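Biologist: Let's go through this one together, please. I'll ask, you reason.

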Amino acid sequence: MAVLGIEGTAHTLGVGIVEEASPGRCKVLANRRAMLRPAEGGIHPREAANHHAELGPRLLQEALNDAGLEPTQLEGIAFSQGPGLGPCLRVAATMARALALRTGRPLAGVNHCVAHLEVGRGMGTALDPMLLYVSGANTQVLAFARGRYRVFGETLDIGLGNALDKFARDHDIPFPGGPEVERLAATVDHSQLRPLPYAVKGMDMSFAGLATAATRLVHDGAPLAEVCHAFQEHAFAAVVETAERALAHTGKRELVLGGGVACNARLQQMARIMCQERGVTCFAPPREVLVDNGAMIAWLGLLQLKSGASLPLESSGVLPYQRTDQVEVTWR
Amino acid sequence: MTGAPLAVGAEAEIVAATYLGRTVLEKRRVTKGYRHPALDALLRAERTRDEANLLVAARRAGVPVPLVYDVDRGQATLRLEPIQGHTLREALATAGASDRDAHMRNLGRTVARLHDAGLTHGDLTTSNVLVPNADGAALTLIDFGLGAATQEAEPRGVDLHLLEEALEATVEDVRPLFASFLAAYRDHAAGAPVAISRLEDIRMRGRNR
């Protein structure tokens, strides 16, 4: 059963095709992505939507070629229904509807955040993990509890990736800022640490003040690389502490990483150390499925369709503000 | 002299110990290997100090909390008075209807006093309220690790909301118990209207954790 998934919540358009290799195991047959890189500033929703609409047909064809499939050989069409930027979501939804109508295959509307968690389950060994999801827009800790996916802690202002991008932009590092900040951070003496704000409030976090304080530090003369290092040490400690609190609170024994910022080697290292100290297993999926991608949408769509939950065309409107705990869980 | 931990939380462990000839509970904030050593030392010391300050302030305001015998910032350890008793969670599971109601009214008065003193608990679950064994002893609040000294409405609303959620996980019908709690809280807290209106906002956010 091959299912095609279209991701389009923000700057990335992704088309992936997956099948179930054995019960609960996700096999990726194709996973094509294209990301809008604005020349300056952040993502403009309409520009991102235009980018997706322009590249959509090509990515679709490439993904089908990679998988060696004709559209009629697909068993279902999934798309990111929410949460995300409305114009971007609508492009992905329109592509999915057109494909579903043409092939006569059922539609599945997928929650982007839950897809990050489910693809981690499908590609690793975890059965009932906590997801530490760190991307540009989202920074949250979520898990399955009492019949729903629930958020146990999240950022109170901006996503960690967004804070990194803001800081990077102030110092002429192009979008996305994370990789260059990571490279610079690795060049300094780790034993020294410049102080920055650390904002964990109970189970929640905040990053806007951190970005501002880091920028001020550079303006006051601190070397950029040292501030990059301090930024990572403070911000990553905050998300890992939040994950640890959520693990302690729920008693879960598995952690899965997701989101573009989770590609960072230092964040992965910190998550692994925390898990070792707690006796919890830790799994980071490969980079192609950590970032926003179509394969994770396809995989959760496959699970939803297998459980009998197909989406009627008339209910396939996008849900830009969909909350994780609004998702009806039919597949577990 | 110490033994195996009695409890292990996300950031601290509780062990029974002897201090100046007394039996005490030690709350130790343990080193986290994932954090930079400088940040780790700072957070553990600050949080230990903050929690001690909150416990002392709460006690000064007449809120029953464990006595603080010692604050060791270097070791990030508090030495606290042990309270013999059961958690409210356990007590509610075994008590009769009138005892349950009395517990919740007592808790409403206690939390009112805490909030009117400009303090919030931050993790007000039924596991962090002790019902002492001693006859006539008042409900005792423990674990101020997430507490704050603040006049803001939000953390007070969060306290009320967390308690409501914790009750939902403890008893079958939360409504009469939470209503008793809230009635007592309303009668005794000068800032009750603001906090309860914030509680309603928080419920509306659908942060159904």
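Biologist: Is the crossing of helix 1 of chain A and helix 2 of chain A left-handed or right-handed?
Modeller: Heads-up: this is a predicted model, with local features needing pLDDT of at least 70, side-chain atom pairs counting only at 80 or more, and totals for chains, interfaces and linings using all residues. Residues count from 1 along each chain as written, chains are lettered from A and ligands numbered from 1 as written, and side-chain values use heavy atoms, without hydrogens or water. Helices are DSSP H or I runs of at least four residues, strands E runs of at least two, numbered from the N terminus. With the near helix turned from the far one by less than a right angle, anticlockwise is left-handed and clockwise right-handed; this crossing is right-handed.

Biologist: How do helix 1 and helix 2 of chain A run relative to each other?
Modeller: Their axes (lines fitted to C-alpha atoms over the stretch in contact; N-to-C angles, 0 to 180 degrees) come within 8 Å and cross at roughly 25 degrees. Under 35 degrees counts as roughly parallel, over 145 as roughly antiparallel, 65 to 115 as roughly perpendicular and the rest as oblique. Therefore helix 1 of chain A and helix 2 of chain A are roughly parallel.

Biologist: Which residue is the bridge partner of His86(B) in strand 8 of chain B?
Modeller: Strand 6 and strand 8 (residues 129-132) of chain B run antiparallel, joined by three bridges. Pairing takes at least two DSSP bridges. His86(B) has as its bridge partner Val131(B).
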